[in-house]
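Subject: Handing over a structure, with notes on what was found

Dear colleague,

I am passing a structure on to you, together with some notes that may help you find your way around. Please have a look at it first, and then read on.

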Amino acid sequence: MSVPGIVQSTLDDEEIAAEVSLGGEDTLFITPTRTLVYRAEGLLSDESVDDFPHDADRLTLSEGRRKTKFSLEYPLEGSREFSVPASKTDSALHPVLAGVLNGNGITEPGETVVQTYRFSELTIIITSDRLVKHIGGAVWDEDYEEYQFDDVSNLSFEDGSVATQIVLVVDGRPQRIKAPNEEANDLRERLKRALFDYHDVSSLEELNERVGDEADGAERGDASMDFGDGVDPLDANPPEPDDRDIEPAEEPPAETADLNADTHTGHHRDDGSRGESEPARTREEPASGDAGSHQRTATVETGNVFGDSAGSGESGAQQTIERPATDGPDPEVLERLENLEAAIDRQNELIEAQQETIDQLISELRRGR
C-alpha cells in the first residue's frame, strides 16, 4: 500500500522494513528503530500516527477476545501501549519483537528474524544466527537466553504423545525446549532450515557430523562475522512450511373454498310432505329516480318456507336489496397507499444508513481504537 503523507513526514528518512495491516487503512509501519501505528480518519478518531521506539526494556502482551494490547516499557517514559485486533496478534508481534531485539543490540545488522513462537509463558525466536528463549509473563525482557548457532554441536528431537522436545547441545550442555505437537513440526523445520543455512549443510546427519567434529577438538575460529551495513527487511508474514441464515417462515397454503352458489330454496307443506323444490329466481327491476343512476334493484323471490300457517297465505315473500355498483378503486385509498409506500422506502434507507454506521463503528473498535 502507499505510505500516507502523515507517516512519510514521521519517517525522518528511515526505511520501512515491514508493514502489517490492522484492517481498513490502519497499519503498523516498522522501521529499524521504531514501530509507527497509523490510524486512518474514522468515526472515533482523526487521522494520526504514533511512534514506539524499539529500545524498550520489556514487551508484554495482554490478549482479549477482540483486541490485544502491546505494552512497551522504557527506562524514563514508563509504559506505552497500543492495541491491534486479536486476529492480527501474531502477524504484528513478529516484526515488533524483531525490532525490539534489534533496538536492544541482541541481533546484528544483516541478521534476519525468521519466526516467533509463543507456548504459554515460553517465547521462542529463531533468527538467521541464533535462537532466543524467554520464559515468563512478558514476551521479552532482559531475562532472556540466547544460543548462537556457531556454538551448537548437536541437534536432535524427542517425540512425545503431547509435546516434542527439541534438544540443542550448546557448549557441550543440552538445552531442551518443549513444544506442543501441533506446532512442534513447524518449529522443528524452521530451526533445521536456519541451522542448515548457517552451517551450509543439507541434512540433519550432515549438520551433526560437521558441528560434532568441530566440537570434539577443532579449535573454533573467530565467531564474529561481517554483516555489512544496513538492515534487511523484516519478514512480517513469513511463509508457512508446508449473520445469519433466516429460514423463511412457511406460509400456510391459502385455503381455497370452492364456493358453490347453486343454493336452492323450496317450500314444505304443513302435512310434512315435501313439495317440489323451486329454484330461487332473481330479476332486475329499474330503480326509481334518475334513469342515469348506476344503482340497480335486485329482486329475489323465494318460496314460503314456513308453510301456509305463516299467515299471509301467499306462496312466497319478496325481498328487495339495494347495492351500489363500483366503477373502480377509490382514488383516496390509492393515494394513501402510495404515501405509505414512500414512507416505508424512506425508513428502509435510514435503516441501511444506520447499519453502515454501526458496521463501521464495530470495525474501528475491533482495530483497537
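What follows is a description of the chain as a whole, then of two sheets, and then of some side-chain contacts.

Please keep in mind throughout that this is a predicted model. The chain has 369 residues, of which 33% are buried, and it is made up of five helices and 17 strands. Its accessible surface comes to about 23900 Å², and carbon and sulfur atoms account for 45% of that area.

Let me begin with the sheet that contains β5, β6 and β7, an open sheet of three strands which follow one another in that order and pair in the antiparallel sense. The edges are taken by β5, which covers residues 58–63, and by β7, which covers 78–85; each of them has a single partner strand, so one side of each is left without a neighbour in the sheet. Neighbouring strands here are turned by 20° against each other on average, if direction is ignored. Between β5 and strand β6, which spans residues 67–74, the antiparallel pairing is made by six bridges, and if you would like one position to look at, Leu59 has Leu72 in β6 as its bridge partner.

This sheet also carries a contact between side chains, since Glu81 and Lys69 meet in a salt bridge with an N to O distance of 3.9 Å. Glu81 belongs to strand β7 and Lys69 to strand β6, so the pair ties together parts of the chain that are twelve residues apart in sequence. Both residues are partly exposed: the relative accessible area is 44% for Glu81 and 31% for Lys69.

The second sheet to look at is formed by β12, β13 and β14, again three strands in an open arrangement, in the order β12-β13-β14 and with antiparallel pairing. Here the edge strands are β12, at residues 152–159, and β14, at residues 173–180, each of which pairs on one side only. The average turn between neighbouring strands of this sheet is 20°, with direction ignored. Seven bridges hold the antiparallel pairing of β12 with strand β13, which runs over residues 163–170, and within it Phe157 stands opposite Ile166 in β13.

I now turn to the charged pairs. Side chains of opposite charge can pair when their charged atoms come close. How many salt bridges does the structure hold? The count is 15, and besides the pair already described, two others are set out below.

One of them is formed by the side chains of Arg34 and Glu14, at 3.0 Å from N to O. Arg34 is in strand β3 (residues 34–39), whereas Glu14 is in the loop between α1 (5–11) and β1 (18–23), so this salt bridge ties together parts that are 20 residues apart in sequence. Arg34 is buried, with a relative accessible area of 10%, while Glu14, at 22%, is partly exposed.

The other joins the side chains of Arg130 and Glu146, with an N to O distance of 2.7 Å. Arg130 lies in strand β10 (residues 130–135) and Glu146 in strand β11 (residues 144–148), so parts of the chain that are 16 residues apart in sequence are tied together by this pair. Arg130 counts as buried at 5% relative accessibility, and Glu146 counts as partly exposed at 31%. Returning to Glu14 and Arg34, you will find that salt bridges with shared partners join these two residues and Asp51 into one network.

Two further residues may be worth a look. Is Phe29, in strand β2 (residues 26–30), buried or exposed? Phe29 counts as buried, because its relative accessibility is 0%, which falls under the 20% cut-off for that class. The C-alpha atoms of Phe29 and Ile16 are separated by 6.4 Å, although the two residues are 13 residues apart along the chain.

The last residue is Arg190, whose place is in helix α3, at residues 181–199. Arg190 is buried, with a relative accessible area of 3%, and a polar contact of 3.3 Å joins its side chain to that of Tyr117.

With best wishes

Methods. Residues are numbered from 1 along each chain as its sequence is written. This is a predicted model: local features need pLDDT of at least 70, side-chain atom pairs count only at pLDDT 80 or more; totals for chains, interfaces and linings use all residues. Side-chain values use heavy atoms; hydrogens and water are left out. Two strands pair if DSSP finds at least two bridges between them. Helices (H or I, at least four residues) and strands (E, at least two) are DSSP runs, numbered from the N terminus. Axes are lines fitted to C-alpha atoms, for helices over the stretch in contact, and angles run from 0 to 180 degrees between N-to-C directions. Buried means under 20% relative accessible area, exposed over 50%, partly exposed in between (1.4 Å probe, protein chains only). A salt bridge is a side-chain nitrogen of Lys or Arg within 4 Å of a carboxyl oxygen of Asp or Glu. Accessible areas come from the Shrake-Rupley method with a 1.4 Å probe; for residues, only the protein chains shown count as cover. A polar contact is a pair of N or O atoms within 3.5 Å; within protein, one must be able to donate a hydrogen and the other to accept it, and residues adjacent in sequence count only if both atoms are side-chain atoms.
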